[in-house]
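Visitor: Please choose one part of this model and take me through it closely. I would like the cut-offs spelled out as you go.

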Amino acid sequence: MSTHAQLGVKMPDNKIVGCYVHYDGGTMRPRIEDYLEKYSATGLVVLISQAQATGGIRSFHSPNDPTGYEYETEFLDDQEEYVIDGTNWQEDHFGARYRYLIDYKTGEIKKRSN
């Protein structure tokens with residue numbers, strides 16, 4: 001069963017760059033922390049931008065996942081882009097139960113569950 005989520009970065013100008021995540025939404029925090037440590041918030045913004053073009057992320061992983069497995073982030077194969085930003089961050093995106101918003105400047109991760 002999938003646990004849908006939203007993943008976003010709040011930029012210095014307060015705009016949000018975000019995307020939909022299909023699987024494992026409730027357990028993403030350690031993977032996000034690992035990703036930020038290895039690649040920074042800028043790398044996450046680039047990853048999210050790539051995901052927006054494919055409809056979102058199927059499953060988010062950092063390259064050396066804290067669970068010990070070496071998975072890669074998988075993108076959805078939708079033919080339409082799907083962008084989550086500040087104008088629609090609060091909306092229900094396919095029943096997303098979790099929202100992760102990372103502050104670009106501080107790296108702080110805010111998690112909210114619906």
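Guide: Happily! Let me start with exposure: a residue is buried under 20% relative accessible area, exposed over 50% and partly exposed in between (1.4 Å probe, protein chains only). Asp24, at 34% relative accessibility, therefore counts as partly exposed.

This is a predicted model, so local features need pLDDT of at least 70 and side-chain atom pairs count only at pLDDT 80 or more, while totals for chains, interfaces and linings use all residues. Residues are numbered from 1 along each chain as its sequence is written, and side-chain values use heavy atoms, leaving out hydrogens and water.

First, some context for the part I have picked, strand E6 (residues 98–103). The protein chain has one helix and seven strands (DSSP runs numbered from the N terminus, with at least four residues of H or I for a helix and at least two of E for a strand). Read from the N terminus, its order is β-β-α-β-β-β-β-β. The radius of gyration is 13 Å, close to the 13 Å of the globule rule for 114 residues, so the protein chain is as compact as a globular protein of that length (taken over C-alpha atoms, the rule being 2.2 Å times the number of residues to the power 0.38). Of those 114 residues, 45% count as buried.

Now to E6 itself. This strand is mostly covered, with five of its six residues buried. E6 pairs with strand E1 (residues 5–10), the two running parallel and joined by six bridges (strands pair if DSSP finds at least two bridges between them). Within that pairing, Val9 has Ile102 of E6 as its bridge partner.

E6 also pairs with strand E7 (residues 109–113), here in the antiparallel sense and over five bridges. To locate this pairing, look at Leu101, whose bridge partner in E7 is Lys110. The hairpin of E6 and E7 has five residues between the strands, and Gly107 takes a positive phi near 80° there.

On the way into E6, look at the loop that comes from strand E5 (84–85), where you will find Phe94. Although Phe94 is not a glycine, its phi is positive, at about 55°. Asp24 is another non-glycine residue with a positive phi, near 60°. This residue belongs to the loop between strand E2 (16–23) and helix H1 (29–53).

To put E6 back in its surroundings, the C-alpha atoms of the protein chain fill a box of roughly 35 × 35 × 25 Å along the principal axes.
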